[in-house]
Amino acid sequence: MTLCAQQPESAQKVARSVPVPQPQAVPLPLSALSGAHRQVPLRLGLAGDPGPTSRAGLLLTTKAQAWRLPLILHPFSETGLTPAALLAEARTAQLSALHLIGPLTEAMLPLLDDLSPMARQQGAVDLILFRNGQATGVNTGAWARKRAMTRFLAPLPRAQALLLGAGLRGRAAACALASAGVKSIAIFDPRRDRALALSLFLTQGSGMRSTTLPSLDSFCDRRFDGIIRAMPHAMPNALIRPGNLSPRHWIIDTDPEGSGLTELAGTLGCNHLSGRDIAQLQARRLLDHLTSATQQPTSEGLRTARPFPYRRL
């Protein structure tokens, strides 16, 4: 009876040799992998326009909690503080980094010890890293726009595009479009001097064909494959006129709060990339910079040959 109940020795060897499936780990962002068990909190300063600063702080806090990163935010009041005084206070507070929004992104440049290639090219920084007594400026927003637009535009036609806005946000968007392979761009900005400066920079620095539009009165949908909104003003009325937008267009709205252009693109069935998506990617990049995963801020530059020379525009 006992012999009949036992399995053959060869069967036992086969059973023992069968590997047991192991559960697969879900991949986490670089910052989560390097900081999931951190004991020392990351201290991040926030400085700039109050509205955008509070929204950025909320987004960063939410992501840090999801990735189990101990993050402490240190908001600064911009009232009465010069850029030099703000930088001194950030050092005194022993912050890991300082996140900048608004005009400070340009005003801080002369005070820093080093710049990443993308920050030097854009003439603006939105994150200052404090390491080994040095203050290094990087541009996470330009990196996020480049990554998001390159992926978004990969399967879409991109012979010619219309860019609305030639300020800081428009400058980063234009360089991202050049890196994504857009062949030609028309720039509209209420300040004609900014549009002309950005057009000259793109033509000489990247080889992209670039022109400026004095107004949008002659706007015609057949000229452009897509439209990029990179201006803080309301959406131009010319875009919502019947026939000017159609489902064949792709739309990129860089405003993190969204706008009527994003809603209109969804209604028409256009392929569209929202500013919220870009902001999520920027928050991830910023948190990665605060951990050991990206200690060297040598982010790849955009496809232009030289820095933007018109910092005051």
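## A tour from the whole chain to two strand systems

Start with the whole protein: its secondary structure comes to 12 helices and 12 strands. The model is predicted. Colour by burial next. Of the 313 residues, 50% count as buried. Show the surface: about 15,600 Å² is exposed, with carbon and sulfur atoms supplying 55% of that area. Now consider contacts at a separation of 6 or more. Residues 24 or more positions apart account for 69% of them.

**Stop 1: the open sheet**

Select the strands β2, β1, β3, β5, β6 and β4, in that order. These 6 strands form an open sheet with mixed pairing. Its edges are β2 (71–75) and β4 (114–115), each of which pairs on one side only.

Zoom in on residues 127–131 and 134–138. These are β5 and β6, paired in the antiparallel sense over 5 bridges. Pick Arg131: opposite this residue, in β6, stands Gln134.

**Stop 2: helices across the sheet**

Add residues 83–92, helix α5. This helix lies across β1 (42–48), β3 (97–101), β5 and β6. The angle between α5 and β5 is about 45°.

Then add residues 275–289, helix α12. Which strands does α12 lie across? They are β1, β2, β3, β5 and β6. Against β5, α12 runs at about 15°.

**Stop 3: the β8-α10-β9 crossover**

Move to residues 184–188, strand β8, and residues 209–212, strand β9. The two run parallel and are joined by 4 bridges. Select Ala186: its bridge partner in β9 is Thr211. Trace the chain from β8 through helix α10 (residues 192–206) to β9; this β-α-β crossover is right-handed.

Stay on β9 and show side chains. Which residues make up its covered face, and which the uncovered one? Ser210 and Thr212 are on the covered face, while Arg209 and Thr211 are on the uncovered one. In a regular strand, side chains alternate between the two faces of the sheet.

**Stop 4: helix α10**

Select α10 alone. Its 15 residues reach 21 Å from first C-alpha to last, close to the 21 Å expected at 1.5 Å a residue.

Highlight its buried residues: Arg194, Ala195, Ala197, Leu198, Ser199, Phe201, Leu202, Gly205 and Ser206. What do they pack against? Bring back β7 (160–164), α9 (168–179), β8 and β9: these are the partners.

Finish just past the helix. Gly207 follows α10, and its phi is positive, near 85°.

Conventions: Residues numbered from 1 in each chain as written. Predicted model: local features only at pLDDT ≥ 70, side-chain atom pairs only at ≥ 80, totals over all residues. Heavy atoms only, no water. Buried < 20%, exposed > 50% of the residue type's maximum accessible area, 1.4 Å probe, protein only. Contact = heavy atoms within 4.5 Å. Areas by Shrake-Rupley, 256 points an atom, 1.4 Å probe, with all protein chains shown as cover. Pairing = 2+ DSSP bridges. Right-handed = clockwise from strand over helix to strand, strands pointing away. Expected span 1.5 Å × (residues − 1). Axes fitted to C-alpha atoms, helices over the stretch in contact; angles between N-to-C directions.
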